[in-house]
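Here is a small set of exercises to work through with the model open beside you. Try each task before you read the solution.

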Amino acid sequence: MDDQNKNLILATALSFLVILGWFFFFPPEDKTVDPNAPQVAQTDTGNTTGSLPATPDAPASAAAETSTAPEVADAPRLRIDTPRLSGSISLLGGRMDELALKDYHDTVDPTSPIVQMLHPVGASDAYYALYGWAPGAGLTLDDVPGPNTQWSLLAGDTLGVGKPVTLGWDNGKGLTFKREISIDDNYMFTVTQSVENASGGTVGLAPYGVLARHGLPVGPKGFSVVHEGVIEMTDGTLSETKYKKMKDFDFQEREGARAEVKQVEKDGWIGFTDHYWMTTLIPSSGSAFKQVAKYDERRDIYQTEAVLPTETLSDGQSTTVTTRLFAGAKEWETIRAYERAGIDRFIDSIDWGWFFFLTKPIFWLLHNIHKLIGNMGWSIIALTLILKAILFPLAFKSYVSMAKMKELQPQMEALKEAAGDDRQKLQQGMMELYKKEKVNPAAGCLPILLQIPIFFSLYKVISVTMELRHAAWFGPFQDLSAPDPTSIMNFFGWAPWAGPVPGTLLATVLIGILPLLLGISMFLQQKLNPAPTDPTQKMIFAWMPWVFMFMLGGFASGLVVYWITNNTITFTQQYLIMRMQGYKPDVFGNIKQTFKKAPPEDKK
C-alpha cells in the first residue's frame, strides 16, 4: 500500500471520528410545524391540569377550576388488569393516570420494580390521559364533563381484555354523557364518547383527548441518539419536537400557553415518545381534527391534544365519537401490527434516524435472526457475518487491488528515486503505472467508507429499539444496550463486585474486556501491512486502535460485539485473499517492528 492509499485510509478514519463527534454534539434539528395552521379558542386552566381544549365558540376567558392533588388521590378508582398492563382509572375526571407495564422492569434485575408509565396528579412526575367535551354554543364549562367531573360506573368492574367498562354523567340540564373504555391484549385503549341531548335546545360541543405531563420525564433526558418529546403524524408528514424546544413555542392567547397547532385533514396522531415508551392519541382513520402541542410555563406542564370538530345537536339528537390511546412499549411487532390495522406510519414512531433506509432493514434482519437463535449476542454476530457476506464481492475486489499494490512497491520506489523532489512528475508516473497495471489506489478505502453508515445504523438499532433493551448474551453481558459491565477493577467480571459507573472518567479509563478485544482486533488488522514510512503517519496509525478502544468503550456492548466481529472477519478475509494473490502478510514481523526502537534517521 503506497503513501497515497495510506493517506486515504487515514483521512477516512479521521472523517469517521469527525462524523461521530458531530452526531453526538449536533443532533438533527427538530422538525417545525406549520405556522399557518388554523387556531381555535382557548379555555383557561386551573391548578393541576394544563390548558383545556375549547371549541371556536368557547369564550377565551372561561375558567375551569380543577381538582387539587388530595381530591384526585382520594377519588374512587376503576382497576385495569390485562396480561401486559396493570393500573387504574380515576373516576374523578375519568383520568387514565395509573399504568404499569408487567413485562418490563426498571433494571435487568427481575426483582426490580416494573416500569410505571402513567402517574396521577400529586406525584412528582404526574402523567395522564384525560378525555372530555369542550363547550360550544349554548354551553359553559359546568355543562360538559372535564377534569372535575365525578363519573359513575355504569357497567363493568375491572377493565381487561374483552371486558370493557362504561362511565356515565348527567349534567342535570338534559345532557347525558357516556364513556365506554376497552383495551386489547397489548397497549391500545379504545375510548368511545357519546352524548344525548334532551335539553330542549340546540347545543354545540367538541370531543377531545389530552395527554398531560407535569415536568420533564424522570431519568436520562436529551439523549441525542433518540428523540424524546412530542411526536405527531399529520396527513402523512412526521414531526418531532423535543421537550426543550416546546419552551420556545410562541405564546398563543387562544391556547393560553406556548403552543403550536396543526389541522389534520384525514389521518394523524399525536403524543409523547420517550426512549422506549410512548403515549399517543389516535382519532379514527379519516377523521379531521386539531393537533395541539403546548407548554404551560406557569405550571411546567407539557401537553398534547387531539380536538375533534364541533358536534351540533338539536333536542333529541345524540352523537358518538371513538378515539384510541396507545400507552405502552414501542415494540416493533406490536407497532407494525397497529400500522397494518390502519394507523398511518405508526412504525415511524420508532426513531430510525438519518440512515432509516439502512436501519429498518438491519433491524428487520436482526429481529428475525433473533427469533431463530433466541440470543441477541449471537444474533448480532450472525448479523455481522451476513452483512460481510453481502459486501464480500466488493471487499474481494478491494483486497485484490490492495494485494496488487504490494506487487507494485518496487516499481513505485523506483519512480520515487527517479522523480526526486518533483512531486508532479511522481504523481504522473504513479497514475500511469496504476493505469497500466489496472489498479485502483482508492479501492482499499471503499469497504471502510461503507462501514460508516452501517455502523451508525446498527448503533441506532442497538441504542433505540425496545428489543435490545436488557437483551442478554452470556455471563456478565446481560444488557447489550448498555456499556460493557466488566472492568479491570472487577477482573473483567470474575470478581463478585461491580465495575465503575458507566459514563464516569473511571469507567473510561478502566475499560472492560470487550473494548480491549476491540483494540486488539484493530491492531492485528492494521498489522497485515507494514507501518507507513512517514513518522507522523506511523505515529497516528500506531495510536489509532487504542484511541478507538477507549472511545468506543462507553458505547453499547452490543455495538462493540459487532465491531469486534467485523474486524475479525475483515482480518481473515484480507489475509486469505492476499495469500491467494501470492502475497504473504508478515503479521508477526510487523508486530515486532512496532516495538523495535526507531533508527536515528526516523527521529529526525
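**Exercise 1. Find where A137 sits, decide whether A137 is buried, partly exposed or exposed, and look at its distance to G204.**

Solution.
- Step 1: In this predicted model, A137 belongs to the loop that runs between strand 5 (127–135) and strand 6 (152–155).
- Step 2: The relative accessible area of A137 is 42%. Buried would need a value under 20%, and exposed a value over 50%, so A137 counts as partly exposed.
- Step 3: Along the sequence, A137 and G204 are 67 residues apart, yet their C-alpha atoms are 5.0 Å apart in space.

**Exercise 2. Do a similar analysis for L358: which helix holds L358, and how far is its C-alpha atom from that of I454?**

Solution.
- Step 1: Look in helix 5 (residues 356–373), and you will find L358 there.
- Step 2: With a relative accessible area of 24%, L358 is partly exposed.
- Step 3: I454 is 96 residues away from L358 along the chain, and the two C-alpha atoms are separated by 7.1 Å.

**Exercise 3. Describe the salt bridge between E331 and R84.**

Some background helps here: side chains of opposite charge can pair when their charged atoms come close.

Solution.
- Step 1: Check the distance. The closest N and O atoms of E331 and R84 are 2.5 Å apart, and the cut-off for a salt bridge is 4 Å.
- Step 2: Place the partners. E331 is in the loop between strand 21 (318–329) and helix 4 (332–340), while R84 is in the loop between strand 1 (77–81) and strand 2 (85–90). The pair is 247 residues apart and links distant parts of the chain.
- Step 3: Judge the surroundings. Both E331 and R84 are buried.
- Step 4: Put the pair in context. The structure holds 18 salt bridges.

**Exercise 4. Where in the chain are the salt-bridge partners K290 and E255, and are they buried or exposed?**

Solution.
- Step 1: K290 and E255 form a salt bridge, with 3.3 Å between their closest N and O atoms.
- Step 2: K290 is part of strand 18 (residues 289–296), and E255 lies in the loop between strand 14 (251–252) and strand 15 (257–264). The two are 35 residues apart, and their pair links distant parts of the chain.
- Step 3: The relative accessibility of K290 is 3%, so K290 counts as buried. For E255 the value is 2%, so E255 counts as buried too.

**Exercise 5. Compare the accessibility of D296 and R299, then say which residues are joined into one salt-bridge network.**

Solution.
- Step 1: The side chains of D296 and R299 meet in a salt bridge, at 2.8 Å from N to O.
- Step 2: D296 has a relative accessible area of 3% and is buried, whereas R299, at 24%, counts as partly exposed.
- Step 3: Salt bridges that share partners join E255, K290, K294 and E305 into one network.

**Exercise 6. Work out how helix 6 and helix 14 are oriented, and then how helix 8 and helix 9 are oriented.**

Solution.
- Step 1: The axes of helix 6 (residues 376–390) and helix 14 (residues 557–580) come within 9 Å and cross at roughly 40 degrees.
- Step 2: Roughly parallel would need an angle under 35 degrees, so helix 6 and helix 14 are oblique to each other. Their crossing is right-handed.
- Step 3: Helix 8 (residues 409–419) and helix 9 (residues 423–437) pack at about 155 degrees, and their axes are 9 Å apart.
- Step 4: That angle makes helix 8 roughly antiparallel to helix 9, since the cut-off is over 145 degrees. This crossing of helix 8 and helix 9 is right-handed.

**Exercise 7. Which residues form a nonpolar patch on the surface?**

Solution.
- Step 1: The patch is formed by M489, F491, W494, W497 and L506, which together have about 640 Å² of accessible area.
- Step 2: Take W497 as one of these residues. W497 lies in the loop between helix 10 (446–464) and helix 11 (505–509), and its relative accessible area of 45% makes W497 partly exposed.

Technical notes
Residues are numbered from 1 along each chain as its sequence is written. This is a predicted model: local features need pLDDT of at least 70, side-chain atom pairs count only at pLDDT 80 or more; totals for chains, interfaces and linings use all residues. Side-chain values use heavy atoms; hydrogens and water are left out. Patches are made of residues with over 30% relative accessible area and no salt bridge: like charges are joined within 9 Å, nonpolar side chains (Val, Leu, Ile, Met, Phe, Trp, Tyr) within 5 Å. Accessible areas come from the Shrake-Rupley method with a 1.4 Å probe; for residues, only the protein chains shown count as cover. Helices (H or I, at least four residues) and strands (E, at least two) are DSSP runs, numbered from the N terminus. Buried means under 20% relative accessible area, exposed over 50%, partly exposed in between (1.4 Å probe, protein chains only). Axes are lines fitted to C-alpha atoms, for helices over the stretch in contact, and angles run from 0 to 180 degrees between N-to-C directions. Angles under 35 degrees count as roughly parallel, over 145 as roughly antiparallel, 65 to 115 as roughly perpendicular and the rest as oblique. A crossing is left-handed if the near helix is turned anticlockwise from the far one by less than a right angle, and right-handed if clockwise.
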